[in-house]
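Reader: Please take me through one part of this model closely. I would like the aromatic rings and their surroundings, then one helix.

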Amino acid sequence: MPDALSVLSPLDGTAVPLEQTPDPVFSELMLGDGLAVDPSSNILYAPFDAKILNINKAGHAVVLVSRGIEVLVHVGLETVALKGEGFKVFVKSGDEVKAGQKLLEFDLDILRKKAASPLVLVVVTSPQGAPAAGKASGTVQTGRPLFSVPFPEEETKAAELPAGSFLESAPLTVVNLHGLHARPAAVLAKLAAGYPHLIQVAHNGKTADAKSIVALMGLALAFQHQVILRVSGPKEQAAQILAKLEEAFKNGFGENPGGGFTPETADKPEQTDFSHPVPLRGLCACGGLAKGKAFAIQSSTLSFEENARNPQEESELLAQTLRTLADKLETQIAAEKNNESRDILNAHLLLVKDPLLTDSARKTILQGKTAAFAFNAAIRRSVDILKKTNNRFLMERIADLKDIRREVLSLLTGAAHKRPDVPQGSIVVAEDLLPSDVSALPEHTAGVLLAAGSPTAHAGILLRNRGIPTLVRAGNAVLQIPPQTEILLDADAAKAVVAPSEQQLKDFDARVRQSDQAAEAADKTAFEPALTQDGLHILVEGNVSGPAETARAAKSGADGMGLVRTEFLFQGRAFMPTEEEQRSVYQAVLDAAAGRPVTFRTLDAGGDKPLPFVNIAPEENPIVGVRGVRAFAKNQAFFRTQLRALLSVRPLKNVRIMLPMISFADEVDFFKQLISEEAAALGVKDAVQTGIMVEVPSAALTAGQLAKRADFFSLGTNDLTQYALAIDRGHKELSTRADHLHPAVLKLISFTCQGAQQYKKPVAVCGAMAGDMAAVPLLVGLGVTELAVGAGSVARTKNLIRRLNAADCRAGAQHALTLATAQEVRTFVREKFGV
């Protein structure tokens, strides 16, 4: 038997030393020794008898193994960016191939035009450090020797995690645009190889040795995939290694956004200079002004054993722990007075009792694992399931799973979660917060500034309930803010200033004083009508979910309820509420409004608001799929039930029914007829006003035709903005640019108001734009007649309207339509109207 593997040339061409390749990962032999071929043919053949270990999904790289020797054949440089263009693969992972068997074809012209280099690289990736001897030079031919590799004394075996403790990272996101392909995998493997500890990368139920390039590539990690790093050994040493690897991971292992490798930055992420004022923009989760010193909260890691001695004891321990947590949550639910907070606790209780989650953990325990390890693995699997939905609403629920994981692991390991000792008046900075983190914040917390997060996640909802000014999605610069750095947080304007100048501090303090004085004055006249100085009456109404919020809005001076989001009755439930249950709650809302008109929006399910009992099939792009009234066809009984419940409340004269996601005129005709049918069946003779949400450009552009049919319009500016600007309002990178004061959005509002005015139909705004003080003068000027805002904004909005002159607003709105950007519009409004 030969003592070395002869690696044959996989194609015709000219031999090029690896050291001369224009990529440091290959030229510095990070992947291993070998040879490159400048190709003159376009078919790649197997270089020896082997098993296919891995083929990249882009078709440009294949890993083969024979008797413990692994060889990577990589076609071109930067070819991962081609995403398979010009490649045709004839084998798959797991296949046994013979030397000279066709593996793949590639288009050499495409490679030369679009790739960084057409070189085909043949590299020995395992055993680590194995030499490539007898390298060919000059012209090489398919099937002729390229180099040889000595066989190892015994085949390399994958390392197994020994029994004992290990430390696990928080979830890390792959930031490399083309995933963890050969280049970043090589950098990670080299970093991991520098430590004697066992290091693993886990994703989607699979685990890879971080020191093996092939194993890492086998995970097929793509952009935005999440992984967990695991390091065995003493806790202190493991934590230091984790910190180093996490830093490299977050930096993309030196790949810049364009995909180029810059080794000099591999360990040095771009730093923000806080020696001067640094402005940040994000999304508002809770409005308000706040000033304070930065106080960072970081994710904690929990250490636990993997292997168990007695699976039966571990199973009983898990069951008892889940019962203990369930009892704790039930006690908290009984004591919680806030409806939204109670709903979040109920959602956590359902997760603790989720049979699929507990069954998944028990199966892992039966494999000899501890309760902590098993429950942690079950949570990871559940998180992966939610991520695969690509549904933003569902993905926001991942934080709840992580919260439950921390609670359960804390109980199992006895390591109680430490409440953050936030100094009085601090601005909390973090990557994100879990719901339990928010609950643990002291009352004196001034504000919150997050690098990630979402306004609609449960943490965002809890922060709003607590009235803590909060800015989310402000970017990674947040994570670099030095402790005790001064921060000015203007959540209303979705911006912050870190390390402000003395003048900025003085100006901000003056704004806070002015805001406090204005709020005090507004409260005194909250129940008076909002009349402009030239006598135009604008209704200021509540934007609410449920009876409790309705009552608060009524007590705050709201002229009515411009939007009741009926989703509050359906979220967090596995089964649809009955007609009588719905009627009872809708009646409670009407009663809480104390004689004021109430606009109920029919259920707006689908898109980012899925419900288990509404039949909507999974979609690649649910935001522009089956949403709102579009769901009627497969959910007729559901919609008819809701309409009957709404038509049964009294007095019906105070009820307006609003239809979401109307795009076509025939939809209005259809649903008006449907409402008439249900009213006749109930013996209801009173007419009920039926209006539509204007959320899509087609509705705004055909407002005249729709106004013939609808009794009123209500502009859903959140969706209208995302559709007009083609930016998903939940997009991690682009959402901060989705500003509703963009001139394109203003023009759509103008079209809507013009169409409504032809038939003297009222136009409301019920999206976030209604509560944006900078938008109010323009909305008045464009012809909006009603504004639906949160209870806390009613008095302030009315007070602003009283300062305005409608004629000036109309002139200002017309000028704003001629501007180019949202920032220009905001600057103009500030200069002309002082807001």
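Author: Here are the ring contacts, followed by the helix.

This is a predicted model, where local features need pLDDT of at least 70, side-chain atom pairs count only at pLDDT 80 or more, and totals for chains, interfaces and linings use all residues. Residues are numbered from 1 along each chain as its sequence is written, and side-chain values use heavy atoms, without hydrogens and water.

Rings of Phe, Tyr and Trp (its six-membered ring) pair if their centres lie within 6.5 Å; planes under 30 degrees apart are stacked, over 60 edge-to-face, the rest tilted. The count comes to four aromatic pairs. In one of them, phenylalanine 87 and phenylalanine 106 have centres 6.4 Å apart and planes at 35°, so the pair is tilted. Phenylalanine 87 belongs to strand E8 (residues 87-89) and phenylalanine 106 to strand E10 (residues 102-106), 19 residues apart. Strands are DSSP runs of E, at least two residues; helices are runs of H or I, at least four; both are numbered from the N terminus. Phenylalanine 87 is buried at 13% relative accessible area. Phenylalanine 106 is buried too, at 2%. Buried means under 20% (1.4 Å probe, protein chains only).

Lysine 102 lies over the face of phenylalanine 90, 4.6 Å from the ring centre. A charge sits over a ring if NZ of Lys or CZ of Arg is within 6 Å of the ring centre and within 35 degrees of the ring normal.

Now the helix. H21 (residues 717-725) has seven of its nine residues buried. Among them are Leu720 and Tyr723. Just after H21, alanine 726 takes a positive phi of about 55°.

How values were computed
Buried < 20%, exposed > 50% of the residue type's maximum accessible area, 1.4 Å probe, protein only.
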